[in-house]
Amino acid sequence: MASAVLDEAKRIAAGFEYPPEELNKGVDEFISEMDIGLTSDGAGLSQIPSYITAMPDGTEKVRYLRFRLQERRVDANKIYAKQIETFLREHHSEQFSSHVEKRQSGEVKEAYTEEQVFDLGFTFSFPVTQHGINRGELYRWTKGFDIPEVVGKDICKLLQTAIDELKLPVRVSALVNDTVGTLMARSYSSPGKSKTLIGAIFGTGTNGAYVEKMPRVTKMDKCSSDAYNKSSPVMVINAEWGSFDNALKVLPNTEFDIQLDNETVNPGIQMFEKRISGMFLGEILRLAILSMVENPSVSLFGSPATIDKNSILYQAWAIDSSILSIVEADNSDDLQTTKEQLKTELNVTDVSISDCRAVKVLAHSIGKRAARLGAMALGAIVISSGRLATEDVIDIGVDGSLIEHYPGFEAWIREAFREIRAIGPAGEKKIRIGIAKDGSGVGAALGALVAKKASQTLQG
Ligand code: GLC
């Protein structure tokens with residue numbers, strides 16, 4: 001039985017392999033979707049212009065305060081505005097009491113002066129079709145969010161209206177995707193002169209933003225907007241790569257991927273993300289384990305092991321992807337940590353060593369595929385930039401739990417880079433990957449700063 005369990009785990013794991021030929025095919029398709037997305041709206045890769053045309057180089061001086069807002073409700077903006085008010089009271093009490101309270105009470109009628117207004121840059125980790133750095137409608141929800149009333153609405157306007165209702169001296173001056181924030185933050189702090197090319201997130205979701213040559217962004221030609229500097233050589237693009245190849249032309253598709261997609265609120269969308277990011281890896285593992293538990297010819301966790309009937313193994317979305325990284329890190333002979341995890345997290349007791357091995361084989365294959373798919377997207381952007389031929393260092397800023405904490409994730413990305421024909425071992429050496437700590441936070445502040453500078457230039 002022991003070997004049947006391991007054999008079945010290996011068979012399933014083989015389905016998660018993403019061999020070099022597939023990887024290279026994926027890269028070609030990604031580059032082609034990138035190009036289509038730059039010429040037209042509604043393409044697989046949304047390629048959303050961020051309206052950011054200048055990158056920070058570390059010489060900027062920013063003093064910023066950050067706080068996090070997280071609400072899954074339609075009236076979230078009202079809550080946010082109240083939180084902003086509390087924040088101003090706490091951190092800018094002087095300014096708040098001297099100007100703001102008087103205005104709110106009606107004692108002072110004149111408008112705020114420019115110096116009294118706070119610029120608010122905020123990170124929004126969902127696709128927004130932007131028409132300016134602080135204008136744009138939510139295109140769709142991702143990562144399990146589902147508040148239909150907000151889709152199609154201008155996110156900045158909703159927040160500004162709620163702020164104005166409270167008469168706060170705050171101007172929503174920039175909305176940046178978290179990947180754009182990561183790119184800006186990394187560019188601000190990246191070592192040496194090398195200009196950062198990509199900001200990527202491998203966390204709950206996955207996505208990348210990158211610096212594109214302006215003449216290639218032809219879908220902006222018809223845009224009469226004066227909201228950006230048209231003579232700038234570059235434009236930061238939010239690729240929204242989570243929706244790469246929704247048609248599944250080149251993406252791997254196991255029975256577990258299919259099951260998972262059917263369980264989501266947005267089947268058929270974000271197909272790339274559903275194979276890579278932290279929100280989904282735990283569920284893929286759960287489905288794979290469950291298939292082995294329910295298969296009588298292998299019966300994973302069979303006697304003497306026992307599975308509690310309330311085990312999260314039987315609950316969709318209940319397994320956290322951190323389990324995969326803990327199991328991956330367990331290199332002990334007796335897989336004691338894995339056994340512990342199965343007991344404490346999954347309520348499965350007295351698990352045999354071969355069952356632990358089987359779980360490790362599954363987790364490893366799912367994590368490795370995620371990293372290789374991520375490499376495909378990063379590699380495609382690197383190739384498309386043309387920088388391999390002209391630069392010694394190609395800098396990528398990353399953020400997110402997978403890239404930070406998943407053992408082997410970056411090494412698997414690098415291995416895949418070497419297997420991509422247009423990169424190879426020599427190209428791989430040029431690519432530098434660095435964590436952009438708190439990319440979203442400082443990135444939003446830099447976004448607000450860049451927006452302010454740009455508007456001064458446009459007016460001046
Ligand atoms: C999802 C969102 C995207 C975001 C990413 C990482 O893919 O659609 O906008 O950048 O998650 O948080």
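A polar contact is a pair of N or O atoms within 3.5 Å. The views below are close-ups of a predicted model.

**View 1. Polar contacts of the ligand.** A polar side-chain atom of Glu240 is placed 2.5 Å from an oxygen atom of the ligand. The protein covers 98% of the 310 Å² of accessible area that the ligand has on its own. Two elements, helix H6 (178–189) and strand E7 (206–213), each give two or more residues to the shell around the ligand. The side chain of Lys143 has an N or O atom 3.0 Å from an oxygen atom of the ligand. At Phe126 the partner is a polar backbone atom, 3.4 Å from an oxygen atom of the ligand.

**View 2. Composition of the ligand shell.** There are 15 residues around the ligand, and those that come nearest are Thr142, Asn177, Asp178, Glu240 and Glu273. Sorted by class, the shell holds eight polar, four charged and three nonpolar residues.

**View 3. Gln270 and its contacts.** Gln270 sits in the loop between H7 and helix H8 (273–276). The residue is buried, at a relative accessible area of 1%. Beyond residues up to four places away in sequence, Gln270 touches Arg140, Thr142, Gly242, Ser243 and Asn246. One of these, Thr142, is also among the residues that come nearest to the ligand. Thr53 is 217 residues from Gln270 along the chain, and the C-alpha atoms of the two are separated by 27 Å.

**View 4. Helix H12 along its length.** H12 covers residues 353–385, 33 residues in total, and its end C-alpha atoms are 48 Å apart. This agrees with the expected span, because 33 residues at 1.5 Å a residue should also give 48 Å. Most of the helix is covered, with 27 of its 33 residues buried.

**View 5. The end of H12 and the residues after it.** Ser385 belongs to helix H12. Ser385 has a relative accessible area of 13% and therefore counts as buried, the limit being under 20%. Apart from neighbours within four places in sequence, Ser385 is in contact with Leu197 and Lys213. A polar atom of the Ser385 side chain lies 3.1 Å from the backbone nitrogen of Arg387. Gly386, which follows H12, has a positive phi near 75°.

**View 6. Helix H3 and its packing.** Helix H3 (residues 76–91) has 16 residues and reaches 22 Å from its first C-alpha to its last, close to the 22 Å expected at 1.5 Å a residue. Its buried residues are Ala76, Asn77, Tyr80, Ala81, Ile84, Glu85, Phe87 and Leu88. An α-helix has 3.6 residues a turn, so residues three or four places apart point the same way. The buried residues of H3 pack against two helices, H4 (93–104) and H5 (155–165), and against two strands, E2 (118–123) and E5 (170–176).

**View 7. The cis peptide bond at Pro304.** Ser303 and Pro304 are joined by a cis peptide bond with omega of about 10°. Pro304 is in the loop between helix H9 (278–293) and strand E9 (306–307).

**View 8. Leu248, a residue with positive phi.** Leu248 is not a glycine, yet its phi is positive, at about 55°. The loop that holds Leu248 runs between strand E8 (234–238) and helix H7 (255–263). With a relative accessible area of 25%, Leu248 is partly exposed.

**View 9. Asn347 and the end of H11.** Asn347 is a residue other than glycine with a positive phi, near 60°. Its place is the loop between helix H11 (336–344) and strand E10 (348–349). Asn347 counts as partly exposed because its relative accessibility is 36%, between the limits of 20% and 50%. Lys343 is in helix H11, and at 46% relative accessibility Lys343 is likewise partly exposed. Leaving aside neighbours within four places in sequence, Lys343 is in contact with Val348 and Thr349. Lys343 and Ser311 are 32 residues apart in sequence, while their C-alpha atoms are 9.7 Å apart in space.

Conventions
Residues are numbered from 1 along each chain as its sequence is written. This is a predicted model: local features need pLDDT of at least 70, side-chain atom pairs count only at pLDDT 80 or more; totals for chains, interfaces and linings use all residues. Side-chain values use heavy atoms; hydrogens and water are left out. A residue is near a molecule or strand if one of its heavy atoms lies within 4 Å of it. A polar contact is a pair of N or O atoms within 3.5 Å; within protein, one must be able to donate a hydrogen and the other to accept it, and residues adjacent in sequence count only if both atoms are side-chain atoms. Accessible areas come from the Shrake-Rupley method with a 1.4 Å probe; for residues, only the protein chains shown count as cover. Helices (H or I, at least four residues) and strands (E, at least two) are DSSP runs, numbered from the N terminus. Ala, Val, Leu, Ile, Met, Phe, Trp, Tyr, Cys and Pro count as nonpolar, Asp, Glu, Lys and Arg as charged, and the others, Gly among them, as polar. The expected span of a helix is 1.5 Å times one less than its number of residues. Buried means under 20% relative accessible area, exposed over 50%, partly exposed in between (1.4 Å probe, protein chains only). Contact means heavy atoms within 4.5 Å.
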